[in-house]
Amino acid sequence: MKLDSRWMKNFAALTLIALLISLTACGRPTEPTEADTDEADEVEIEVAIEFELTEETIRRNNRGVGLMGRYQYDQAREIFLELAEAHPEWLDVQVNLAIATLNRQNEGDERRAMEILESVLERDPEHLRARYCTGLLMLYLDRPDEAREAFKLVALRVPEDPHAAYYVGQTFLQARQLGEARKWFERAIEHDPYLRSAYYGLFLANRQLDRMDEAERKLEMFERLDANPRAVSVDFIYTRMGRFGEAKAVDLPREEQPPRPDGPPFADAQPFVLANAEELHEVVMWIAPTREQRISITAVDLTGNDRIDLMIPSVLRSEVHRDLHNAVLINEGDGTFSLDIEHPLARIDRVNAVAWGDYDNDGLTDAYLLRDGPNQLWRQTEGNTWRDVTEVTGTAGGAHNSVDGMFIDADHTGTLDLWIANADGPNELLNNNYDGTFRPLALEQGLAGDHARPSRQVMALDLEQDRDLDLIVWKRSPPHEVYLNDRLWRYNEAGDPFREMRQTAVVAAASADRNADGQKEIYTLSPAGHIHRWQPDDERIWRGERIFWLTEHDEAPPGPTRTQLAVADITGDGELELIVATERGWLALHIDENDRAQVVAREQEGGLIGWTLALLEPELGPAVVGLRVDEAGSLTPKVWNAGPGRYEFAALSFTGREDAGQSMRSNASGIGTYFAVRVGSQWTAGSILRHDAGPGQSLQPFAVGLGGAAQIDFVHIDWSDGIFQSEVELAAGESHTITETQRQLSSCPVLFVWDGEKYDFVSDVLGVGGIGFSAGPPGEFIPSRPWERFLMPEGVMQPRNGRYALKLAEPMEEACYLDSAKLHAYDLPPGWHMTVDDRMNIHGPEPTGEARFYRETLHPARVKNDRGEDVTEIVRQANHRAAPIGPREPRFIGMLKNEHVLTLEFDRPIDSGPGKPTLVADGWVEYPYSQTNFAAWQAGEQYHAPTIEAQGESGEWSVILKEFGYPAGMPREMSVELPDLPENTTRLRIRTNQEIYWDRLMIAYIEPLEQVRRTTMPLRTAILSRSGFAQRVELPQKLPYYDYRNRLPLWDTRHQAGFYTAYGPVEKMIREPNDALAIFGPGEEIHMEFEITTPRLEAGWSRRYVFEVHGWCKDMDLFTRDGETLAPLPSRQEDTTERDRLHERFNTRYRSGR
């Protein structure tokens, strides 16, 4: 059983010198009644025992609690055991010891934990945590009536605890007392509306009561909360069972959280201090653009020194440098800037705005100049060295007036595309082919829009909460254009749900998830000065609500061009404010929980024509940078730096690149990353997408206010490729760069077997059974093969109590649909060996899965690779040491830059043996994903599976098996017959550009064997349970290993939405292949035991085992077909009556999301 806990809020405050804790030993607890609950908030315990705790004792206990939060249960248990032995009267540490023991999950730990809890309850029958943990154990052991007693006592003593109420409801649900179950689930929601599992409990209860409409509403609410970082799911996992199921810390005295420092959030306006102002005074003039032109100010680190620089286009003029147009302001790090008039980006005319991003993922930021005329893409080739690559990349975008644009990963392939709005022509989406070129998609995909009405602004955000970026074009006059992303370059123009928003006049728009519920809101500013907030209602219709009116606060209505709207935290309290700028000045609005907007900062200096937020000092939060024009027409850049009235910030940057030698999935700029930050009880949500109305796109860190806390507790991250990740403990006052974890996301379930001492990792299975795996071109998917016969390595399994014990586990973000599992034993006469005709087939002969037998083998005498290296000894035996590959292709996971070629030379002709020559190969493969297949196709690249060529007497090479396949996953043996060999062939050549690690290569001569004896061992036990995530260790050459003894209860994974098989026995589901599927997901396993019924081996005979599995698997890659759901369920049979009956009985556990 797994009990896991989030970091405990401390319940008791003790003094530092000598801490007096009073506990009691009383009689049997009295059963509380509903009438007791009004007075039950404080549970009083009579004083019976007194003891002292030193500061060091408290710190030791709290360290144990911290280790529990890191899932280091053994170490935590050692601490609690030491403290419990030293202080047997300290009941809280006894319960901590019980919780740590449960989570350790060694044999007998459940019994040990129960003994500890019973001992505590003997001394204090009303110890709530002991009662609660006893209830958890009883519920886990399927004793719901006893569990209900324990949970109900806690729920009535502490009526505001939602988890206790939830568990009471769960016990009533198991007893089919559905009315009582509904009452307790509702009570849980009343105390915590984010308790997601309670909505699912109500769904189940209402469904069984045939209240289908109500059941459907509860299920919709359950699924809607999936994206909300505040949402809580209940499970038998340490962090998900409520506060009473957690190890308890003890408070040390600490200072109160400081109030926000006195003073305003912004300092007074200051003119920009230019370090080189004197030398440029008579050379450069600042000029005000025409009133029709929107002013763009963008912030970016141009020089790679972690300081934010600025660019303001079309505001300079010089009689000396007649081609000088744009202000490139380099941050000197001392509060001053230098105006770099020699910068190549300063010399380009008719620039409206700039979008910044690393389009080629080389770690250097590039610039896309949006112009009145052909646009320009400038690539940074090394630190602040720039080259115009517009022509070679095909990114001019026509001779239009491009008024806004941004880099986005529109197709989620890990490369940045360009989304462009034109005032005098169609919109454009330039798709990055990842080969140094772009292709226009807007016309082809229906994104060009109505170019009779000029566009004003572009926006990209996830409107439907389906993990992809949807697109908006705000027009100068409505209707605006909303395009919903269906992936694979397909978009649909939105209809009725967005009708009201599309028809509303807008001069500026920004988006943010201010309330951190997982759904971004849109904020718009109208020509009349109304600020509207747009968000979907319960029917997913986007509704607008006016939250502020500028003219009611002595602010002039916004002009059509010189307005700005942005969202940012300006006080450091973790809450996002709205900042609105007009020509009269700017103001910052805090929106309270009652949707009232309050002005928290204001600057009414007139003549403001351009404005942006810039993170000039990351630890202090954003500054305002603006352009002011005076009555004489002079233009002055100004800055409002961070004022004294702020808490400290932490600055977060995100990148998909780890190092140049690693393949990547998300773009190097981190654009499109969503994240939610937790500091104490405060959530702040953000994204690396534009948070203002533009024009143009800054690229700078996101400043998170910590409200006086010393660190961010944790960050939940959704990368642009759909991968989920968490980071913990990021200090305030610092900048943090978070890199996407390069980890295996899916592979298919992994196999563990009992080796006599432990459950040891063997390999994975059903890699050939992947569902919906993209072949690359849109709409093309690789067919799945729903069976595999896996030859067990020799000697890996050992008996346990007369059985062989195997575990099939899912430590990754995917689902397994297991149809059947069998274990066969093959007894071979002396001198005989076997292999299996199985592999991942591409274009070769179809594998049969048949056992193949041989007496004679032929090993290559010499093996050289494409680089001339001799690898003969490396591939002579299977020892998990493979022939070295060449350089990897960093753009695409599982692809090499060049072909890996192995040339095998033999001392005698291959066709001279006694049977059919067959290549037997051991090895493993680094799989690509659906996303990388699509990205490679888009770039005009292909994965080429291994091809075998042969050289005969003539000396000519001929193809005998073209792209025949490869070992289907982690380490395994495969075989393929070699047909039509040229006469007297003595040389073979294997070539591929896939990242395949060849461990052993040899020729086996396959012959019939009548004496073989096959025994199929009966399946006696199959139990589906939650097991946690075995730690993956990546050894040299990407060799995977999973350590079953070191498992985490939680990991950065999500469940596909649908009905999984209930925990418990599943023998009836997997004994025979009948399409009745035992479905399990991340962190779960099926434990199987096969009775050993094989006869005693005769002298000289040997035995091999084959694990035969039927089933499928599916991952959550954004390009996998139906990757977000379990449905549609795979099937091979037309008559599904029996399957449906079993599914209705066993597949009752609905899961989705985290």
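Modeller: Buried area is the accessible area, found with a 1.4 Å probe, that two parts lose on being put together, summed over both. This is a predicted model in which local features need pLDDT of at least 70 and side-chain atom pairs count only at pLDDT 80 or more, while totals for chains, interfaces and linings use all residues. Residues are numbered from 1 along each chain as its sequence is written, and side-chain values use heavy atoms, with hydrogens and water left out.

Colleague: Okay, which domains does the assignment give for the protein?

Modeller: Going by an automatic or database domain assignment, there are domain 1 (55-225), domain 2 (270-655), domain 3 (673-739), domain 4 (744-832 + 1009-1153) and domain 5 (834-1007).

Colleague: What area is buried between domain 4 and domain 5?

Modeller: About 3400 Å² is buried between domain 4 and domain 5, and carbon and sulfur atoms give 61% of that area. On the domain 4 side, Trp832, Gln1037 and Lys1038 supply 21% of what domain 4 buries against domain 5, which is more than any other three residues. With contact taken as heavy atoms within 4.5 Å, 44 residues of domain 4 meet 38 residues of domain 5, and the centres of the two domains, taken over C-alpha atoms, are 26 Å apart.

Colleague: How many salt bridges are there between those two?

Modeller: Five salt bridges are counted between domain 4 and domain 5, where the term stands for a side-chain nitrogen of Lys or Arg within 4 Å of a carboxyl oxygen of Asp or Glu. Lys1038, named above for its buried area, also forms a salt bridge with Glu926, with the closest N and O atoms 3.7 Å apart.

Colleague: And which element gives the most to the side of domain 4 that touches domain 5?

Modeller: Helices (H or I, at least four residues) and strands (E, at least two) are DSSP runs numbered from the N terminus, and the elements that give two or more residues to that side include strand E41 (759-764), strand E44 (787-791) and strand E46 (814-828). The most comes from E44, with five residues.

Colleague: New topic: what does the salt bridge of Glu186 and Lys218 tie together?

Modeller: Those two side chains meet at 4.0 Å, N to O. Glu186 sits in helix H8 (residues 178-191) and Lys218 in helix H10 (residues 212-224), so the salt bridge ties together parts that are 32 residues apart in sequence. The count of salt bridges by this rule comes to 74.

Colleague: How many aromatic pairs are there?

Modeller: The count is 37 aromatic pairs, meaning rings of Phe, Tyr and Trp (its six-membered ring) whose centres lie within 6.5 Å, called stacked if the planes are under 30 degrees apart, edge-to-face if over 60 and tilted for the rest. One of them is the tilted pair of Tyr359 and Phe438, with 5.9 Å from centre to centre and 45° between the planes. Tyr359 lies in the loop between strand E10 (351-357) and strand E11 (366-371), while Phe438 is in strand E17 (residues 438-440), 79 residues apart, and the pair links these distant parts of the chain.

Colleague: Last bit, where are the cis peptide bonds at Pro695 and Pro1128?

Modeller: One joins Gly694 and Pro695, with omega about 0°, and Pro695 is in the loop between strand E35 (682-687) and strand E36 (702-705). Another runs from Ala1127 to Pro1128, with omega near -5°, and Pro1128 is in the loop between E67 and helix H16 (1137-1146).
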